[in-house]
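User: I should like to learn how to read the features of a protein structure. Please guide me through this one step by step.

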Amino acid sequence: MVNAAMNLILFFAIAKHNLTVVAADGHYTKPINATYITISPGQTLDLLLHADQNPKSTYYMAARAYHSNLNISFNNSTTIGILCYNSSSKTKTSSSSKRYPNLPYYNDTSAAFAFFTNITSLYSGQVPVKISRRIISTVSINLLMCPNNSCEGPNGSRLAASMNNISFVTPSHVDILKAYYYHIKGVYGTRFPEFPPLVFNFTADDQPLFLQTPRLATEVKILKFGESVEIVLQGTSLVGGGIDHPMHLHGFSFYMVGVGFGNYNVTEAPSNYNLKDPPYKNTATVPRNGWVAIRFIADNPGVWFMHCHFDRHLTWGMKVVFIVKNGRGLNQQILPPPPDLPPCY
């Protein structure tokens, strides 16, 4: 199953049937027997369905949004499909015989993250225990002022998004991969901060207005080949009180070693990490006004994109690029572009 929605995390269930989760983002998990699942945009789950109910009945499959901030409008309708057995396909059944599944409520954060945190890796002992690089980044919704207050956002502004207070600007003429490979200067900077440049109570109810404006820039983070990297993604309550962010990393899968609510505490939080069998994924959902910690080995040289999988947040600038440098071996080098590579305009 893949969540192909653009901007919504979804609950999904099938009436009278349990689902056995056996893989997440293409990696095997310890089997989980679930009455419902939670799935973020771009995320995939492998599920086993046991067709063991009354074959004379039909059963609704249902999905609806999980949205932690009900102050923000969203489509709260429930979409349905119908599961029936071959033996009942020729038998007419009234709508009253169809069974509806029990789905968590729209803003049931406990239900959403109970599912996320119950996922564990099938294989143990492969998590990087010692890290050589820790990057802590805020993920925020922001506002940018428009000339003469001409936009349709609050006070004539427009919505933006950022990581570590940088709203990423995508180069318009030369892509970053080409600029890196051919050593083209002036396309990007290398000063993406490893720690939030503005330190405040990230999850407070009331935030100073000056915190809402990000810096527009194209800044990347350079990683050495083979580094053990930890990235902590801290949600903030800026502009509307915050929201969950499904963060996706290209080029790597990572271990989601920790998740929590409130402000990340670099002294206390790591003591509660799961370093034995955390889920191995490529998408991790940052809870509203909370944080997620991920770890991976930077062993895939190249130019890799990290971004929120909500399309609106992606286009607003909640993204960053990691450049992993070459290693020494022949199989540790970035591959050259193919001769038929089309230009990027």
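**The nonpolar core**

Analyst: Let us begin with the interior of this predicted model. The largest nonpolar core holds 65 residues, and those touching the most other members are Phe115, Ile231, Met247, Phe296 and Met306. Domain 1 (2–118) and domain 2 (133–324) each contribute at least three residues to this core.

User: Which residues is Ile231 in contact with, leaving aside its neighbours within four places in sequence?

Analyst: Ile231 is in contact with Ile135, Val292, Ala293, Ile294, Phe296, Met306 and Phe322. There is also a second, separate core, made of ten residues, and Ile136, Tyr255, Tyr264 and Ala293 are included in it.

**The sheet**

User: How should a sheet be read, and in what order do the strands of the open sheet of five strands stand?

Analyst: In general, the strands of a sheet pair through backbone hydrogen bonds, and the pairing may be parallel or antiparallel. Here, the five strands of an open sheet follow the order β12-β20-β19-β14-β17, and their pairing is mixed. The edges are taken by β12 (220–223) and β17 (283–286); each has a single partner strand, so one side of each lacks a neighbour in the sheet. From one strand to the next, the twist averages 20 degrees.

User: How many bridges join strand β14 to strand β19, and do these strands run parallel or antiparallel?

Analyst: Strand β14 (residues 245–249) and strand β19 (residues 302–308) run antiparallel and are joined by three bridges. Leu249 stands opposite Met306 in β19. Met306 is also one of the residues that touch the most other members of the largest nonpolar core.

**The cysteines**

User: What is a disulfide, and how many does a search of the whole structure find?

Analyst: A disulfide is a covalent bond between the sulfur atoms of two cysteines. Searching the whole structure yields one disulfide. Its partners are Cys146 and Cys151, whose sulfur atoms lie 1.9 Å apart. The link of Cys146 and Cys151 is left-handed, with -95 degrees about the S-S bond.

User: Is Cys146 buried or exposed?

Analyst: Cys146 counts as buried because its relative accessible area is 8%, and buried means under 20%. Its partner Cys151 is partly exposed, with a relative accessible area of 25%.

User: Where do Cys84 and Cys308 stand by the same reading?

Analyst: Cys84 is partly exposed, at 42% relative accessibility. Cys308 has a relative accessible area of 0% and is therefore buried.

Conventions. Residues are numbered from 1 along each chain as its sequence is written. This is a predicted model: local features need pLDDT of at least 70, side-chain atom pairs count only at pLDDT 80 or more; totals for chains, interfaces and linings use all residues. Side-chain values use heavy atoms; hydrogens and water are left out. A disulfide is a pair of cysteine sulfur atoms within 2.5 Å. Buried means under 20% relative accessible area, exposed over 50%, partly exposed in between (1.4 Å probe, protein chains only). Two strands pair if DSSP finds at least two bridges between them. Helices (H or I, at least four residues) and strands (E, at least two) are DSSP runs, numbered from the N terminus. Axes are lines fitted to C-alpha atoms, for helices over the stretch in contact, and angles run from 0 to 180 degrees between N-to-C directions. A nonpolar core is a set of buried Ala, Val, Leu, Ile, Met, Phe, Trp, Tyr and Cys residues joined through side-chain atoms within 4.5 Å. Domain bounds come from an automatic or database domain assignment. Contact means heavy atoms within 4.5 Å.
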